[in-house]
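The paragraphs that follow lead through one protein chain, beginning with its overall make-up and going on to its sheet, its hairpin, its cores and one of its helices. Please keep the sequence and the structure at hand while reading.

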Amino acid sequence: MMYTPLESSRPHPGLGFDPAGALPLLRERGYYSGPERRNAAATLQMRRMAQMVDEVDYGMLLLSDESRVTHANRAARRDLDDTHPLLLAGGELRGRQPHDAVLLRDALAGACQRGLRRLLKLGEGEQRVTVAVVPLPALPGDAQHGVVVVLGKRRMCEELTVDWFARAHSLTMAETAVVKGLCADLTPQQIAQRQGVGLATIRTQIGSIRAKTGSASIRALVRQVAMLPPLVSALHGLGGGMAGAAASFTPNPAALGARPAPRLAPM
């Protein structure tokens with residue numbers, strides 16, 4: 001390929017190289033990679049990284065020091081509701097109860113100052129959660145570690161995850177409802193009672209589910225669903241927040257036919 005020099009980059013008699021004249025042409029021909037383009041690329045990359053963590057169905061918060069939150073992904077903003085042991089107040093991550101506040105403060109200080117990882121159990125009863133506090137290596141010009149706080153899940157299987165699993169294995173709507181019940185730790189008898197059908201019907205559906213999914217047992221079936229990638233709903237901002245599997249498992253007699261599960265839009 002013949003190389004054609006840029007007209008504006010040719011030295012002019014008595015003037016030398018004219019960078020001001022060359023810059024517009026460099027930009028026009030796609031050769032320019034100065035600070036403006038590098039900054040734009042870095043900004044785009046940061047936006048892509050934010051999009052990436054928003055697609056993960058684990059709450060993740062980035063802290064710049066021992067309490068200040070600089071970024072929270074979509075799952076974290078969803079999970080930190082009025083019942084969660086942690087809360088965001090004035091841009092800071094805090095414990096709702098005094099005991100949890102002390103545990104969180106000590107873990108964040110250890111991560112920032114000494115690079116220590118901690119696994120915390122916060123809250124009580126049904127609201128008890130596990131939280132991981134993970135230090136990030138200090139960057140050039142930064143005197144201390146960054147910190148990522150990862151929120152544990154408060155339910156085994158998200159409803160969307162079960163729906164995608166059902167679609168992948170061609171489960172019927174009735175079979176999908178059974179899988180949701182099993183993932184909510186319900187027994188076949190409890191599922192039958194909620195669905196208003198006989199236990200024999202539920203057992204037949206479980207047998208069909210196991211055959212379609214290649215699961216040797218109910219435990220193996222639930223394990224399959226629990227190990228799926230934690231992806232969030234594609235219906236961002238449309239009120240598509242996922243309730244707990246047990247809370248969202250409601251009887252649906254009309255779904256007991258042999259109709260296939262509805263198709264879901266691509267994520």
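Of the 267 residues in the protein chain, 32% are buried. The model is a predicted one, and its chain contains 10 helices and seven strands. Among the contacts made at a separation of 6 or more, 53% join residues that lie 24 or more positions apart.

Confidence deserves attention before any detail is read. The average pLDDT of the protein chain is 76, and 70% of the residues score at least 70. Residues 1-19 have a pLDDT below 50, and this stretch makes 16 contacts in the model beyond near neighbours in sequence. The pLDDT is also below 50 over residues 237-267, a stretch with 63 contacts beyond near neighbours in sequence. Where pLDDT is low, the predicted coordinates should not be read in detail, so the contacts of such stretches call for caution.

The sheet offers a convenient place to start. Five strands form an open sheet in the order 2-1-7-6-5, and their pairing is antiparallel. Strand 2 (69-72) and strand 5 (118-122) are the edge strands, each of them pairing on one side only. On average, and with direction ignored, neighbouring strands of this sheet are turned by 20° against each other. Within the sheet, strand 1 (residues 60-63) pairs with strand 7 (residues 146-151) in the antiparallel sense over four bridges, and Leu62 has Val148 in strand 7 as its bridge partner. Helix 4 (residues 98-114) packs on the sheet, where it touches strand 1, strand 5, strand 6 (129-136) and strand 7, and its direction makes about 170° with that of strand 5.

The loop between strand 1 and strand 2 holds Glu66. This residue is partly exposed, with a relative accessible area of 30%. Leaving aside neighbours within four places in sequence, the contacts of Glu66 are with Leu108, Ala109, Cys112 and Gln113. Glu66 and Ala107 are separated by 41 residues in sequence, while their C-alpha atoms are 8.8 Å apart in space.

A second antiparallel pairing joins strand 3 (residues 86-89) to strand 4 (residues 92-95) over four bridges. These two strands form a hairpin with two residues between them, and Gly90 in the turn has a positive phi of about 60°. Across the hairpin, Leu88 stands opposite Leu93, and Leu87 stands opposite Arg94. The side chains alternate along strand 4, in that Leu93 and Gly95 point to one face and are buried, whereas Glu92 and Arg94 point to the other face and are not buried.

Which residues have the most contacts inside the largest nonpolar core? This core has 21 residues, and those with the most contacts inside it are Leu61, Leu63, Leu86, Leu93, Val147, Val149 and Leu151. Two or more residues each come from strand 1, strand 2, helix 4, strand 5, strand 6 and strand 7, and helix 4 gives the most, with five residues. Apart from this core lies another one, of 19 residues, among them Phe165, Ala166, Ala184 and Ile191. The surroundings of Leu86 can also be followed in the model: not counting residues up to four places away in sequence, Leu86 touches Leu80, Leu93, Arg94, Gly95, Arg96, Leu104, Leu122, Val131 and Leu151.

Helix 9 (residues 218-226) closes the tour, and its buried residues are Leu221, Val222 and Val225. Seen down the axis of helix 9, these buried residues fall within an arc of 95°, and they therefore line one face of the helix. The face turned away from the buried side of helix 9 carries the exposed residues Arg219 and Arg223. Helix 5 (159-168), helix 6 (173-183) and helix 8 (199-213) are included in what covers the buried residues of helix 9.

Terms used. Residues numbered from 1 in each chain as written. Predicted model: local features only at pLDDT ≥ 70, side-chain atom pairs only at ≥ 80, totals over all residues. Heavy atoms only, no water. Pairing = 2+ DSSP bridges. Axes fitted to C-alpha atoms, helices over the stretch in contact; angles between N-to-C directions. Contact = heavy atoms within 4.5 Å. Buried < 20%, exposed > 50% of the residue type's maximum accessible area, 1.4 Å probe, protein only. Arc of directions from axis to C-beta. pLDDT = per-residue confidence, 0-100. Core = buried A, V, L, I, M, F, W, Y, C linked by side-chain atoms within 4.5 Å.
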